[in-house]
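Reader: I am new to this structure and would like to be taken through it step by step, with some care about how far each part can be trusted.

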Amino acid sequence: MEVEEKQDVEELGQSLEFAKKFFQIHSPQLVGDQIGELLVLKTLELVQSEAVDESHYYFTAVEIFEQINGEGNSEKARRWMKSHDENLAALFVQTSSLNVELANKGLSTLSIQRVEHKGGKANQWRVRTGKERVTSSSRNEAADIRYVVTALHDPMPWAKPFMNAILSPRILITVGVTLLLLVIIPIYTLLGIIDWSSKPVATSVVILGIFAGLMFHRLHELMNKGVTAFPVLWSRKLGRNKLFLSTSSGIEDNPLGMKAVTIEAKCSICGEDLIIDKSREFHGRYIGKCRIAPSEHVFSFDHITKRGKLLR
Ligand SMILES: [Zn+2]
């Protein structure tokens, strides 16, 4: 059974960033290469914009033709695209210099996909990461699963600063102390030690304290487990598997960062969706459990390798 693998937008974004630099060095001469560059740049823009998913990464010949030649003529565009198709395909074969350089950098290779529509609808092109070859030589390997980052963010305005933040020791201490104060003051208020002499003020302080407590808990969990749930009210759309993950920021003095992602994965036993959740059985670890067999089809969740092994 051949299943179209979902696009990991994070991996795609990294490869496209590299491809953008590649084209700055190897300026495209052939029209086919110019089309490739355009598709790379346009897709990168979409990946980096908010609340856009992979269904938007498709372009028709007219759209491509218009961008490069400044005019839109569907018949001309179709013929033009056809005459450069071979050239475009050559840019994205596994052995092309772009893909060899991507592979050398440890990034996913890129491939081009042409979607032919029946019934007169125009063909479309898209750039995606090369599909991974799944080897099922051993039973254990067959049970391994892959977690795919399908979206980076759709935050509410106030959540934006946290989407991709660096957690330097100074920021962590400041945030930690502030949150603790915001928790302690309401407790003192409730105990009557602090008197605000105004009911609305006292109530607001207590409500703020509850939110601060919840945030402190999230931050604490992120530090301890490298993953925590994305607060429900921070997201525009409800959805499952919205998480904060710790990352390596790449900066020497401030190695820790955090980012918000939405993740999807399929159960390798029955093919159903996995839900990433905390498990009491595994001592509060975040695990991937099958939507329809949550106590039997259970996988580990490694947010760095994006792999999961069948647990027990
Ligand atoms: Zn299952």
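The questions and answers below go through confidence, domains, core and strands in turn.

Reader: What does the protein chain average in pLDDT?

Author: This is a predicted model, and a confidence value therefore accompanies each residue. In the protein chain, 93% of the residues score at least 70. Taken over the protein chain, the average pLDDT is 87.

Reader: Which element of the protein chain has the lowest confidence?

Author: At the upper end stands strand β11 (residues 285-290), with a mean of 95. Over residues 133-140 the pLDDT falls below 50, and this stretch has three contacts in the model beyond near neighbours in sequence. Where pLDDT is low, the predicted coordinates should not be read in detail. The lowest confidence, a mean of 55, belongs to helix α6 (residues 139-143).

Reader: Where does the largest nonpolar core lie with respect to the domains?

Author: The domain assignment gives domain 1 (9-133) and domain 2 (157-308), and their C-alpha centres are 36 Å apart. The core has 45 residues, of which L243, F244 and I263 touch the most other members. Because both domains give residues to this core, its place is between domain 1 and domain 2.

Reader: Which residues is F244 in contact with, leaving aside its neighbours within four places in sequence?

Author: F244 is among the three core residues that touch the most other members. In soluble globular proteins, nonpolar side chains tend to be buried together. With its neighbours within four places in sequence left aside, the contacts of F244 are L222, V227, T228, F230, M258 and A260.

Reader: How many bridges do strand β8 and β9 pair over?

Author: Strand β9 (residues 256-264) is joined to strand β5 (residues 148-151) by three bridges, in an antiparallel manner, and V148 stands opposite E264 there. Strand β6 (residues 164-166) also pairs with β9 in the antiparallel sense over three bridges, with I166 opposite G257. For strand β8 (residues 242-248), where K242 faces T262 in β9, the antiparallel pairing runs over a count of seven bridges.

Reader: Which strands stand at the edges of the open sheet that contains β11?

Author: This open sheet has three strands in the order β10-β11-β12, with antiparallel pairing, and its neighbouring strands are turned by 40° against each other on average, direction ignored. Six bridges join β10 to β11, and D277 stands opposite I287 in β11. Each edge strand has a single partner strand, so one side of it is left without a neighbour in the sheet, and these edge strands are β10 (274-279) and β12 (298-300).

Key: Residues are numbered from 1 along each chain as its sequence is written. This is a predicted model: local features need pLDDT of at least 70, side-chain atom pairs count only at pLDDT 80 or more; totals for chains, interfaces and linings use all residues. Domain bounds come from an automatic or database domain assignment. A nonpolar core is a set of buried Ala, Val, Leu, Ile, Met, Phe, Trp, Tyr and Cys residues joined through C-beta atoms within 7 Å. A residue is buried if 20 or more other C-beta atoms lie within 10 Å of its own, exposed if 12 or fewer, and partly exposed in between; C-beta atoms are placed from the backbone. Two residues are in contact if their C-beta atoms, placed from the backbone, lie within 7 Å. pLDDT is the predictor's confidence in each residue, from 0 to 100. Helices (H or I, at least four residues) and strands (E, at least two) are DSSP runs, numbered from the N terminus. Two strands pair if DSSP finds at least two bridges between them. Axes are lines fitted to C-alpha atoms, for helices over the stretch in contact, and angles run from 0 to 180 degrees between N-to-C directions.
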